[in-house]
Amino acid sequence: MEAVVPAEAVITDLESDRDFITLGIETSCDDTAIALLRGGNEALYDLTSSQTEAHSPFGGVLPELASRKHQEAIIPLIRGALSGARLSPRDVSLIAVTAGPGLMGSLLVGVMTAKALSQGWDVPLIGVNHLEGHIFANILAHPDLKPPFLCLVVSGGHTEMVSASGGRDYALLGSTRDDAAGEAYDKAAKLLGLGYPGGPAIERCAAGGDAGAFAFPVGMKGTKDVEFSFSGVKTSLRTLLERMRANGDEIPAPDICASFQRAVTEALLSKVKLAVRKTGVRKIALSGGVAANTALRGCLTEMGKANGWEVFLPPQRYCTDNALMIAAAGYAAYAAGERSDLSLTPDPDWSAWREKI
Ligand code: KG4
Ligand code: ZN
């Protein structure tokens, strides 16, 4: 009979292996990212080729253009990361690649490249869930973060409250009914003519603005479920701008951005409070691109202090898409005994969570 090794024991063993190098590959949306990770959480090299400029004229990501750009960037980036870290393909112990969720064409570039390299270099392969990767951005930065904890995953495609109960077991507490929080920022920035991606643009414009100037609706505030909605705040912004433009009023962009940011932040934080009340878990992590938002980070930190919660924030550079988080999640999956093979195919809708608890 085969010996069953508990996952924790395997992880501990691998973490002490200074020679274990994971190559992380992330191409789920519009950033081509490559990273090299030593052991479970030592970042060796981290490269990202951003497509922001290419997509900017369209006010959002153009899937066909994204795939082409990944195709151009991926091999030079892998070469660049290896030579930057003074490593060769022979030093790579594992290839971890985002296999979903994301844009099919974009995912395919990463997965096909990873499979070819795995074959050519004779290195094991692991397909990683992008959202689990975002959670690992926190674990990378805070090795002391252990389950049980709650994680608010807020990105361009997702707004989900997840309960991490142990090992790599995640359950969904609730999600958005319409737009994701990052999507709301992107759409608001488009309405205001501030460019793409919208989150950083709104945040920059909000600096110095009065967050109390406009009373935008706070989605799902006061409902008894952990659920989010951002279509109301977006519609309210559109209506306000139409009215002001029709009247020939000057648009007070900083006040509008600050008020919009406050409504989105309040919608997110009111449900953090509810999730803590429902689960009794008082450790909260934030992840995904919107976790880079300074107002959200500041308010969650304050809320944590006021309520005696432990709050974990990934450093700004780990919030948006990157390959270190994919390498770290891939490493943990590998350490727990998971493997992928050449049958690995991208799943644009892959959920990392068990359905609602
Ligand atoms: O995680 P991410 O890089 O890509 C996805 O997986 O979606 O998240 C990108 C999203 C975009 O919608 C972007 O507008 C938003 O994160 N974002 C921000 C900030 N930085 C990025 N939203 C608010 N404030 C920011 N500082
Ligand atoms: Zn992401």
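This passage describes the zinc site and the nonpolar cores of a predicted model.

We can start at the metal. The zinc ion (ligand 2) is coordinated at 2.0 to 2.1 Å by three residues: His-130 and His-134, each through NE2, and Asp-321 through OD. Along the chain these donor residues follow the spacing H-x3-H-x186-D. The two histidines both belong to helix H5 (residues 130-141), and because they stand 4 residues apart there, about one helical turn separates His-130 from His-134. Both side chains come from buried positions: the relative accessible area of His-130 is 6%, and His-134 is buried at a relative accessibility of 1%.

Turning to the nonpolar interior, the largest core holds 50 residues. Within this core, the members that touch the most others are Phe-216, Phe-230, Ile-256, Phe-260, Leu-268 and Val-272. Several elements supply at least two residues each, namely strands S6 (149-154) and S9 (283-287) together with helices H6 (181-192), H7 (198-206), H8 (231-247), H9 (253-279) and H10 (294-307). Helix H9 gives the most, contributing 14 residues to this core.

Phe-260 offers a helpful close-up of the packing. Leaving aside residues up to four places away in sequence, Phe-260 touches Ala-184, Tyr-185, Ala-188, Phe-216, Val-233, Lys-234 and Leu-237. Another core, of 37 residues, lies apart from the largest one, and its members include Phe-149, Tyr-170, Tyr-318 and Ala-333. As general background, nonpolar side chains in soluble globular proteins tend to be buried together.

Notes:
Residues are numbered from 1 along each chain as its sequence is written. Chains are lettered from A and ligands numbered from 1 in the order in which they are written. This is a predicted model: local features need pLDDT of at least 70, side-chain atom pairs count only at pLDDT 80 or more; totals for chains, interfaces and linings use all residues. Side-chain values use heavy atoms; hydrogens and water are left out. A nonpolar core is a set of buried Ala, Val, Leu, Ile, Met, Phe, Trp, Tyr and Cys residues joined through side-chain atoms within 4.5 Å. Buried means under 20% relative accessible area, exposed over 50%, partly exposed in between (1.4 Å probe, protein chains only). Contact means heavy atoms within 4.5 Å. Donors are N, O and S atoms within 2.8 Å of the metal (3.2 Å for Na, K and Ca); water is not among the atoms, so sites may look incomplete.
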